[in-house]
Every structure is written in structure tokens, then in C-alpha cells.
Amino acid sequence: YIMGEVKRIFPENERITMYGAPKDVLLKSHEDLVKLREAGLEMVYVGAESGDNDVLDYVKKGATHEEIAEAGKKLKEAGIKVSVTLISGLGGRKYLESHAINSAKLISEMKPDYVGFLTLLLESGAPMYEELREGRFSYLTPPEVFEELKPCGIQRILFLHHTMLQMQNMSTATDDQLIIMGDDKRCLSHFLYRHKFIGHFFHVL
């Protein structure tokens, strides 16, 4: 009904996308999702944040690695494009390695059309902000963010085919993107060099 009204009120609209929580997606049957796609739904944004269950529990995400992966696969099976967002540094130094490795595994399982990496930016009032203020949590340094993504994350994403990778620094709102083609590591190396990766993208507050 909503998408029909969008088309009626905004006939110039070219596409419809929406955000979808993993558990909400899982509540839909395959037939329901196909109907949504046929009604005009082109893509669903899934905020995974992490593929590590310890991190997901730590931030009270309300969904597990397995549930997020299943939701992504279900959308793809219905012909709906999937864009997944992960947050670099979300697990701090404690979960740096497991956050990277399991997030890479999640992406490999879901095979999304788009992958977005955001840097962590905490706002006053958030439980994690209080931990930051009290010294019980700290942002990763730019080199640590690079190490989190490079050896355990980005290189594993190279196993995906034709996936758009987008990186954004929430503190400066700068972003860029590239298409990962199979295991072409030269493409990634050139991209990182051309954009001075550490300083350009990951000046963490």
C-alpha cells in the first residue's frame, strides 16, 4: 500500500529502498518479500554493525550473526538488493580481531550488493559514551582501524564478486567507494594509496 502511494504521489520517483532490521526481515515469508520486490522495493539497508556475537551482545543489537546472515540471504533469494553497514572500532581494542574476522565472515555469507564501513562516533547519553568518558572504552587510533580492516576484513571481502564497498568517516562526512572485482588486490591497493587511506578516511575523534 505504502509503495503504491509513493508511486501515485511521486510518479517521478525512480526507485524505492528502505531500512530493515534483521528480525523484521525474518518475520516475512519468501512470498511476502517477492511481493514487496514486485511492488517496487529495490533494496534493503541492513545495519549489521558487526558480525561478532560478543560485540552484538555488547551493544545490545538484538540480533545475532546467524540471524543477520539469514536475513540477508532471504532478501537476496527474493531478488531484493542488500546493503550492509558495519561500524569499524565498535568493539574497541578488546574485540578488535574478532570483530574484524567475524564481520568479514558475515559479509562472505551474505554476499551483499553493497558494504558500508562507518567509523564509530559516540554521542552524549549513550551507554558506551559513558564508558568512553570513564576510560573503560576508547576509540581505535587510525593505524588500529586500518589494521582492523586490512588483514582481517577488507582482504577477505575480496572473495566477493562485484560488491560495492563504501567507507565513510562520520566525523568528517567524507566517503568514497570502489567495486571489488573477485580477488583483485591491486585494485584495493591502488584505492588505498590514491586516497591516503589512513588519514583521509579514519581520523577518529
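Here is a walk through this predicted model, from the overall fold to its cores, one helix pair and two backbone details.

Let's start with the whole chain. It has ten helices and six strands, and of its 205 residues, 43% count as buried. If you look at contacts with a separation of 6 or more, residues 24 or more positions apart account for 73% of them.

Now to the interior. The largest nonpolar core holds 29 residues, and Ile68, Leu75, Ile80 and Met110 are the ones that touch the most other members. Helices and strands both feed this core: α3 (30–38), β2, α5, β3 (81–88), α6, β4 and α8 (142–157) each supply at least two residues. Ile80 is a good place to zoom in. Setting aside its neighbours within four places in sequence, Ile80 is in contact with Leu33, Arg37, Leu41, Glu42, Met43, Val44 and Leu75. Another core lies apart from the largest one; this other core has nine residues, including Val55, Tyr95, Met128 and Phe137.

Next comes a helix pair, α5 and α6. Two packed helices are described by the angle between their axes and the distance between those axes. Here, helix α5 (residues 65–77) and helix α6 (residues 96–110) have axes that come within 9 Å and cross at roughly 25 degrees. Angles under 35 degrees count as roughly parallel, so α5 is roughly parallel to α6. The crossing of the two is right-handed. On the α5 side, the residues that meet α6 are His65, Ile68, Ala69, Gly72, Lys73 and Lys76, and their partners in α6 are Asn102, Lys105, Leu106, Glu109 and Met110. Sorted by class, this contact has four nonpolar, three polar and four charged residues. Two names may ring a bell here: Ile68 and Met110 take part in this helix contact, and both are among the residues that touch the most other members of the largest core.

Finally, take a look at the backbone. Most residues other than glycine have a negative phi. Which way does Glu49 go, positive or negative? Its phi is near 70 degrees, a positive value in a residue other than glycine. Glu49 lies in strand β2 (residues 41–49). With a relative accessible area of 18%, Glu49 falls under the 20% cut-off, so this residue is buried. Lys111 offers a second case: it is not a glycine either, yet has a positive phi of about 50 degrees. You will find Lys111 in the loop between α6 and β4 (114–119).

Terms used
Residues are numbered from 1 along each chain as its sequence is written. This is a predicted model: local features need pLDDT of at least 70, side-chain atom pairs count only at pLDDT 80 or more; totals for chains, interfaces and linings use all residues. Side-chain values use heavy atoms; hydrogens and water are left out. Axes are lines fitted to C-alpha atoms, for helices over the stretch in contact, and angles run from 0 to 180 degrees between N-to-C directions. Helices (H or I, at least four residues) and strands (E, at least two) are DSSP runs, numbered from the N terminus. Angles under 35 degrees count as roughly parallel, over 145 as roughly antiparallel, 65 to 115 as roughly perpendicular and the rest as oblique. A crossing is left-handed if the near helix is turned anticlockwise from the far one by less than a right angle, and right-handed if clockwise. Contact means heavy atoms within 4.5 Å. Ala, Val, Leu, Ile, Met, Phe, Trp, Tyr, Cys and Pro count as nonpolar, Asp, Glu, Lys and Arg as charged, and the others, Gly among them, as polar. Buried means under 20% relative accessible area, exposed over 50%, partly exposed in between (1.4 Å probe, protein chains only). A nonpolar core is a set of buried Ala, Val, Leu, Ile, Met, Phe, Trp, Tyr and Cys residues joined through side-chain atoms within 4.5 Å.
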